[in-house]
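Visitor: I would like a close look at a single part of this model. Please take me to the metal site, and then to what surrounds it in your account.

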Amino acid sequence: MAATTLITVAPTGAESAKADVPALPVTLDELVTTARESAALGASVIHVHVRDAEAQPTLDLGRLRETVAALREQTDLIVQLSTGGAVTDPEADRLRVLEAGPDMASCTMGTVNFGADVFLNRWEFIVELHTRMQERGIVPEYEIFDLGQLTTLHRLLDKHGLPAGGHVHVDLVMGVPGGMPGTAEALVACLRDLPDGATFSATGIGRATLPVLLASLSAGGHLRVGMEDTITYAKGQPVESNMQLVARAVGFARLAQRPPATPDEARALLGVKPRG
Ligand code: KMH
Ligand code: ZN
């Protein structure tokens, strides 16, 4: 059982509209403030999607570079860029994200129905992402939306080798309509198929947030929380800010006697190069 808990904040995502969710951080200032406050509470990784001037999701390379630079300057968080983007983003744009030079990037292990949409991740695209990250020294977080995607991860590692940093870290994204359910049973089913030595975090979408958080902690896993994944704190109570979700995760981690990992501890755990 890990002695500490890695807490990732995923503050924005690509799915919610600012008009519907005013507390969503969409500008660089809002994102940096969220990052600083999340770090002060105990987060060690930030999973980043950026928005354009109209608050729409974008993979604009200039904005991504500016965001990576600002987060590095103003926090010591591990900066993880999303290569998932929005379901409408073309593969070429998703690959280009790596040119912004983050510490980590997400790398999804297969195609999944995503509500009424399809989140497309072809095998050849997965291989391209994985190998470009190896070449650039970017540490992947393998996103798993369904059990079979862990089989794809084994195939990827067998055929194309370990990721940059040599450590395998997986994030179980549970409760997406079209993916695996956000239940303790589904989480436990995934554990059997994790690669040897891998660490995992888990996040539950919407009402799956709490069951998944508690199941992950009790199974020795790490946590991802944030408004990318849930905009409701409790029944009838919208999330007021990402900090509310990070604070709750930190509280549960402390109760489990696995306090939050510092960013330096998280770097050592994940195989991310030390800063500087
Ligand atoms: N927005 C989803 C389509 C990732 O960041 O890598 C994909 C996603 C996963 O959020
Ligand atoms: Zn994401």
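Guide: What follows starts at the metal site and then moves on to other parts of the chain. Keep in mind that this is a predicted model.

Start with the zinc ion, ligand 2. Its protein donors are H47, through NE2, H49, through NE2, and E228, through OE. They lie 2.1 Å from the ion. Write the donors out in sequence and the spacing is H-x1-H-x178-E. H47 belongs to strand β2, residues 45-48. E228 sits in the loop between β12 and β13. That puts H47 and E228 181 residues apart, so the pair links distant parts of the chain.

Is H47 buried or exposed? Its relative accessible area is 2%, and buried means under 20%, so H47 is buried. E228 comes in at 17%. That value is also under the 20% limit, so E228 counts as buried.

E228 has another role in this picture. Salt bridges that share partners join E143, D171, R224, E228 and D229 into one network. So one residue, E228, appears both among the zinc donors and in this network.

Now follow the network to D171 and R224. These two form a salt bridge, with the closest N and O atoms 3.6 Å apart. D171 is in strand β10 and R224 is in strand β12. The two residues are 53 places apart, and their pair links distant parts of the chain. How accessible is D171? Its relative accessibility is 0%, so D171 counts as buried. R224 has a relative accessible area of 5%, so R224 is buried as well.

The count for the structure comes to eleven salt bridges. Two others give a useful contrast in setting. E124 bridges to R122, with the closest N and O atoms 3.3 Å apart. R122 has 37% relative accessibility, so R122 counts as partly exposed. The side chains of D193 and R192 also meet in a salt bridge, at 3.6 Å from N to O. R192 is at 67%, and over 50% means exposed, so R192 counts as exposed.

R94 is another case to set beside these. R94 is found in helix α3, residues 91-96. This arginine is buried yet has no salt bridge. The nearest side chain of opposite charge is E91, 5.9 Å away. A salt bridge needs an N and O pair within 4 Å. What does R94 touch beyond its neighbours within four places in sequence? The contacts are L59, T83, G84, D89, F119, L120, N121 and F125.

One of those contacts, F119, leads to the aromatic rings. The structure holds three aromatic pairs. In one of them, the rings of F119 and F145 have their centres 5.7 Å apart. Their planes stand at 75 degrees, so the pair is edge-to-face. F119 is in strand β8, and F145 is in the loop between β9 and α5. They are 26 residues apart, and the pair links distant parts of the chain. Both rings belong to buried residues. Add F114, and F114, F119 and F145 form one aromatic cluster.

Charges also meet rings here. The charged end of R155 sits over the ring of W123, 3.9 Å from its centre. R248 lies over the face of Y233, at 4.2 Å from the ring centre.

Go back to strands β10 and β12, because helix α7 is covered in part by both. This helix runs over residues 209-218. Its buried residues are T209, V212, L213, A215, S216 and L217. What covers them also includes α6, β11 and α8. An α-helix has 3.6 residues a turn, so residues three or four places apart point the same way. After α7 comes G220, whose phi is positive, near 85 degrees.

Finish at the loop between β13 and β14, the place of G236. G236 has a relative accessible area of 78%, so G236 is exposed. Its C-alpha atom is separated by 40 Å from that of I138. Those two residues are 98 apart along the chain. Q237 has its place in strand β14. At 33% relative accessibility, Q237 counts as partly exposed. Leaving aside neighbours within four places in sequence, Q237 is in contact with T232 and Q244.

Definitions and conventions. Residues are numbered from 1 along each chain as its sequence is written. Chains are lettered from A and ligands numbered from 1 in the order in which they are written. This is a predicted model: local features need pLDDT of at least 70, side-chain atom pairs count only at pLDDT 80 or more; totals for chains, interfaces and linings use all residues. Side-chain values use heavy atoms; hydrogens and water are left out. Buried means under 20% relative accessible area, exposed over 50%, partly exposed in between (1.4 Å probe, protein chains only). Helices (H or I, at least four residues) and strands (E, at least two) are DSSP runs, numbered from the N terminus. Contact means heavy atoms within 4.5 Å. Rings of Phe, Tyr and Trp (its six-membered ring) pair if their centres lie within 6.5 Å; planes under 30 degrees apart count as stacked, over 60 as edge-to-face and the rest as tilted. A charge sits over a ring if NZ of Lys or CZ of Arg is within 6 Å of the ring centre and within 35 degrees of the ring normal. Donors are N, O and S atoms within 2.8 Å of the metal (3.2 Å for Na, K and Ca); water is not among the atoms, so sites may look incomplete. Lys and Arg count as positive and Asp and Glu as negative; His and the chain ends are not counted.
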